[in-house]
2 protein chains.
Amino acid sequence: MRVVVTGAAGFLGRHVARRFRDDGWHVVGFDIQEFSEPGIETFIGDLCDLSAAAAVTAGVDAIAHVGAIGDVYLAASDPSLAARVNVVGTSNLIDAAITNHARLVYASTWEVYGEPQYEPIDERHPTMPDHPYSITKLAGESLILAATRLSGLDAVSLRLGTAYGSRLRPNSVFRIFLDKARRGDPILIQGDGNQGRQFTHASDIARAFASAAASSETGIPINIVAPETISIKELADAIITQFPTEVAFGPARPGDVPAAKVSAELAREVIGWSAEVSFEEGLEEFIADAVESR
Amino acid sequence: MRVVVTGAAGFLGRHVARRFRDDGWHVVGFDIQEFSEPGIETFIGDLCDLSAAAAVTAGVDAIAHVGAIGDVYLAASDPSLAARVNVVGTSNLIDAAITNHARLVYASTWEVYGEPQYEPIDERHPTMPDHPYSITKLAGESLILAATRLSGLDAVSLRLGTAYGSRLRPNSVFRIFLDKARRGDPILIQGDGNQGRQFTHASDIARAFASAAASSETGIPINIVAPETISIKELADAIITQFPTEVAFGPARPGDVPAAKVSAELAREVIGWSAEVSFEEGLEEFIADAVESR
């Protein structure tokens, strides 16, 4: 069985590609950026380019579409780029999946929900994203779900919790806090720090992609979030127990998503998924990995 | 005062451009297709091209962003094109509006609501579009509303009812029914014909753009729909009273939007708009115009 993982040079794509490889798939990692990874074939190209998307997906059984402008700061400063990669790019992969009768598993985000109307948020909750990142991710997701109805596409969308794990990008809150604490600089929290996040470990997310690729569910979004809610302040506190430093508070980040409790009950029911890595274990591993890789 | 009207060579854009011209604005009509219209400056270019969008909007006071892949059949057969024009193109115009401190009025659609959760549908109703046309229009709208919060953009989105009027595109239901009836061919209704539409006359929609450009409301969507609901079957019946022919029924169009009663109460409150052209008058004018232009 052959799978293309888009964005395979990135943080989450790398975890997903390795998981498929370890499960015995032939994995083609597709990215605009060069990378290498044992046991994974690489294909360097732009997913906004329909001919590249068609070439890399010829004859595949599944596509794990992780590649995106996933950096919220970049999406905010260049929404046209986010629109091109996250919407036009996704549309190209829908085309490719239909052509190849391949199953498509899409990396969406819990951030599509916006301000909670009720909690815990299940997949029927209204979607009201208000940031270029989540707006363009939702548009990609909606195009996929429409294609399952209109064009016979076989696909599911995974609405992922805030991902963390080894090789997180440098402007993620985990890396920023840890890097500051290790240098003895104060950690700056944007807002009051009470905004909660269901931090979900990249290895758990990678397993969700593998389970979703193997399942026959189609045309639905599925929340993939760990059960624990950790506030940004709790994250800072956990980091400073290991690298003591001061914690300061600044203005809230414009467009930051409000806290919300999201349910992963459907994931358990339909793809047999639930998170396995506790926040305590995941954070410990994250810190060890970051310290080691310096 | 200077306004750019995007899509000014198209059906609705032409009506909007004329309205601004008649109200005394200096109008620049921006379209990828060549056209000419008395008293309107033309600029031929692609709104997906950021440099063209920047050039045409230099120094403008307002942008009426009507240009889009508005043909639902084309959007369904080429969702990547719809994503490029409707999302990336809109993002380019957001950039242009911010740069020029220009007010942006965006042509969204009532079709963003999807299956009604309650009726009449006001602007707080959840949005669950399920067709590449309405999905990409909603993404453009969401990017605009996000930019009003994140980047100081001054903008409103008009969620338009199903537009009709002179020069409607040939694959609109009005034109198809009328052309068949005039040739004596049977009219084919897709589905049972009971799907209702709040057909809204292009001149009323053009007036809504002018009112919205002049108002200072920002960061909200506003429904712009005529109050009467006319079923597709009633439309066919009205046409065959003038050009008698048979009416036949076929399978429903995949992705066709369900009927829904939409409220234009907010438009009345915040921009003083309500529809003025009754369906009876509008249809009579449409038929006369279509017959004359042959």
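Which residues on the two faces of strand E4 (residues 62–65) of chain B are buried? On one side they are Ala62(B) and Ala64(B), and on the other Ile63(B) and His65(B), so both faces are covered. Here a residue is buried if 20 or more other C-beta atoms, placed from the backbone, lie within 10 Å of its own. Strands are DSSP runs of at least two residues, and helices are runs (H or I) of at least four, both numbered from the N terminus.

This is a predicted model, in which local features need pLDDT of at least 70 and side-chain atom pairs count only at pLDDT 80 or more, while totals for chains, interfaces and linings use all residues. Residues are numbered from 1 along each chain as its sequence is written, and chains are lettered from A in the order in which they are written.

E4(B) has a partner in strand E1 (residues 2–6) of chain B, paired in the parallel sense over four bridges; two strands pair if DSSP finds at least two bridges between them. In this pair, Val4(B) stands opposite Ile63(B). E4(B) also pairs with strand E5 (residues 103–109) of chain B, in the parallel sense over four bridges, with Ala62(B) opposite Arg103(B).

Next comes the contact between the chains. Each of chains A and B gives 28 residues to it, where contact means C-beta atoms, placed from the backbone, within 7 Å. On the side of chain A, helix H4 (79–100) and helix H5 (132–150) each supply at least two residues.

A turn of 180° and a shift of 0.0 Å along the axis lay chain A on chain B with an RMSD of 0.0 Å, by least squares on the C-alpha atoms of residues with pLDDT of at least 70 in both. The two copies are therefore related as by a two-fold rotation axis.

Technical notes: Buried ≥ 20, exposed ≤ 12 C-beta atoms within 10 Å, placed from the backbone. Contact = placed C-beta atoms within 7 Å.
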